[in-house]
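Below are some comments on this model, set out as numbered points. Please read them with the structure open alongside.

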Amino acid sequence: MQENSGHRSNRERTRETRTALLSAARALFIEKGYADTGTPEIVKAANVTRGALYHHFRDKDDLFRSVIEQEAVAVSAEIEQSASATATPLSALVSGSNAYFDAMAAQGRVRLLLLDGPAILGPEEMSRIDRETGGGSLLDGLAALIGRAPDPEVEALADMLSASFDRAALAIAYGAPRDDYESAMATLIKTLAGRAAGT
C-alpha cells in the first residue's frame, strides 16, 4: 500500500525537525553566543516543542556539538571539491588553502569553529571533530607533498599547518587583507615542498 503523497513520512518529519533545530541553534549561537542562548529560544525559533529538541539532542551541549560538526563537514566538503580537481599535491594544498578561506567566509563560521567551539567543547573535542571531518585529508595531502608516509613528525607538521590556516582565517575575519594571507600560505606550502625536494 503506497503512502499518501500528501503526507510526510516519519523519517521526513524527523529529518525536518532536526534540520530546523540545527538551523535555529546555529543562527542564535552566532547572534548571541552559546552562553546567552537558551533552549526555549531555540525551540521557539525552530517552531518545535521542547520534547522534540530532547528527542534529537541530549542537551544544549549536544546540540552545539552537532552544529559544530555540521559546520566542519561543510568546510571539509568545500576543500575536498576544490582540491580534487587539481593534479599535484602542491596544487591540491594551495587550492585547498584558498577553498578553506572561502568556506570560512560564511557568516558566523569563524566564531563557531575558531572561537566558541574550542571555548565550549575544548581543544581535544575540536581535534576529534577536525580529524573526523577533514583533518585526515590535510595530513594525507601534506604527506604526499613531502613524500613521506604519515608519521608522528608529519602529524605534528600537519597540526602546525592547520593552526596556521586557523590563525589566517581569524585575521581575515577581523579585517586583514585576504590576498596577503593567501599569498603567505602558498609561500609556506611551496617552501615545505621545496625543502622536501632538497631545494
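1. Angles of 65 to 115 degrees between axes count as roughly perpendicular. The model is a predicted one, and within it the axes of helix 1 and helix 6 come within 9 Å and cross at roughly 75°, so that helix 1 and helix 6 are roughly perpendicular to each other.

2. At this crossing, helix 1 contributes Arg26, Phe29, Ile30, Glu31 and Lys32, which meet Arg109, Arg111, Leu112 and Asp116 of helix 6. Sorted by class, the contact of helix 1 with helix 6 has six charged and three nonpolar residues, with no polar ones.

3. A second pairing worth examining is that of helix 5 (residues 89-104) with helix 8 (residues 152-173), whose axes come within 10 Å and cross at roughly 45°. Helix 5 and helix 8 are therefore oblique to each other, and the crossing of these two helices is right-handed.

4. The residues of helix 5 that take part are Ser97, Tyr100, Phe101 and Met104, and those they meet in helix 8 are Phe165, Asp166, Ala168, Ala169 and Ile172. By class, the contact of helix 5 with helix 8 has seven nonpolar residues, together with one polar and one charged.

5. Which residues of the largest nonpolar core touch the most other members? This core has 49 residues, and those in question are Phe29, Ile42, Ile68, Tyr100, Met104, Leu145 and Phe165. At least two residues of the core come from each of helix 1 (10-32), helix 2 (39-46), helix 4, helix 5, helix 6 (109-121), helix 7 (123-146), helix 8 and helix 9 (178-196), and helix 7 gives the most, with eight residues. As general background, nonpolar side chains tend to be buried together in soluble globular proteins.

6. Some of these core residues also appear in the helix contacts described above: Phe29 is among the helix 1 residues that meet helix 6, while Tyr100 and Met104 of helix 5 and Phe165 of helix 8 belong to the contact between those two helices. Ile42, for its part, touches Leu21, Ala24, Ala25, Leu28, Phe29, Thr37, Leu53 and Leu63, when residues up to four places away in sequence are not counted.

7. Finally, is Ser76, a residue of helix 4 (residues 60-83), buried or exposed? Its relative accessibility is 14%, and because buried means under 20%, Ser76 counts as buried. With neighbours within four places in sequence left aside, Ser76 is in contact with Thr133 and Gly134.

Definitions and conventions. Residues numbered from 1 in each chain as written. Predicted model: local features only at pLDDT ≥ 70, side-chain atom pairs only at ≥ 80, totals over all residues. Heavy atoms only, no water. Axes fitted to C-alpha atoms, helices over the stretch in contact; angles between N-to-C directions. Helix = DSSP H or I, 4+ residues; strand = E, 2+ residues; numbered from the N terminus. Parallel < 35°, antiparallel > 145°, perpendicular 65-115°, else oblique. Left-handed = near helix turned anticlockwise from the far one by under 90°. Contact = heavy atoms within 4.5 Å. Nonpolar A, V, L, I, M, F, W, Y, C, P; charged D, E, K, R; others polar. Buried < 20%, exposed > 50% of the residue type's maximum accessible area, 1.4 Å probe, protein only. Core = buried A, V, L, I, M, F, W, Y, C linked by side-chain atoms within 4.5 Å.
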